[in-house]
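Me: I am new to this structure. Please show me how to read its features, one at a time.

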Amino acid sequence: MTIIEFLLLLLIAAVAGAIGQSIAGYAAGGFLAATAIGFIGALLGMWIARSTGLPEPFAINIGGRTFPVLWAIIGAALFSAIIRLITSPTRRYHA
């Protein structure tokens, strides 16, 4: 894998992570956080897809490796929602 392919993969993961974060309504940080969430989302999304037998409708081949963009977005949204549930403070309403 060349440096250009690696940078392109990072860019696609960052975009997928940013879209997933905006779907979940939670922003964990900047570019690096979105990139990490995009990669974790790709792993989570592909695990869900393979365990349920669903296909990869939109995958990009970069340097001989396939990056599942749609599943990365879905997985990033799920992962961001889980992070939001864990880290958000609970709101207590007093009557």
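Reply: We go from the whole chain to its helix contacts. This is a predicted model, where local features need pLDDT of at least 70, side-chain atom pairs count only at pLDDT 80 or more, and totals for chains, interfaces and linings use all residues. Residues are numbered from 1 along each chain as its sequence is written, and side-chain values use heavy atoms, with hydrogens and water left out.

Me: How many helices and strands are there in the protein chain?

Reply: Helices (H or I, at least four residues) and strands (E, at least two) are DSSP runs, numbered from the N terminus. Here the protein chain has three helices and two strands. Their order along the sequence is α-α-β-β-α. The C-alpha trace spans about 60 × 30 × 15 Å along its principal axes.

Me: What share of the residues counts as buried?

Reply: Buried means under 20% relative accessible area, exposed over 50%, partly exposed in between (1.4 Å probe, protein chains only). Of the 95 residues in the protein chain, 31% are buried.

Me: How is a pair of packed helices described?

Reply: Two numbers do it: the angle between the axes and the distance between them. Axes are lines fitted to C-alpha atoms, for helices over the stretch in contact, and angles run from 0 to 180 degrees between N-to-C directions. Angles under 35 degrees count as roughly parallel, over 145 as roughly antiparallel, 65 to 115 as roughly perpendicular and the rest as oblique. Take helix α1 (residues 3-24) and helix α3 (residues 69-87): they pack at about 50°, with axes 7 Å apart. α1 and α3 are therefore oblique to each other.

Me: At what angle do α2 and α3 pack?

Reply: The angle is about 105°, and the axes of α2 and α3 are 6 Å apart. So α2 and α3 are roughly perpendicular to each other.

Me: Which residues of α2 and α3 meet?

Reply: Contact means heavy atoms within 4.5 Å. On the α2 side, I37, G38 and G41 are among them; the α3 side includes W71, A72 and F79. The residues of this contact between α2 and α3 divide into twelve nonpolar, five polar and no charged. Ala, Val, Leu, Ile, Met, Phe, Trp, Tyr, Cys and Pro count as nonpolar, Asp, Glu, Lys and Arg as charged, and the others, Gly among them, as polar.

Me: Is G41 buried or exposed?

Reply: G41 lies in helix α2 (residues 31-52). G41 counts as buried because its relative accessibility is 0%. Leaving out residues up to four places away in sequence, G41 touches W71, A72, G75 and A76.
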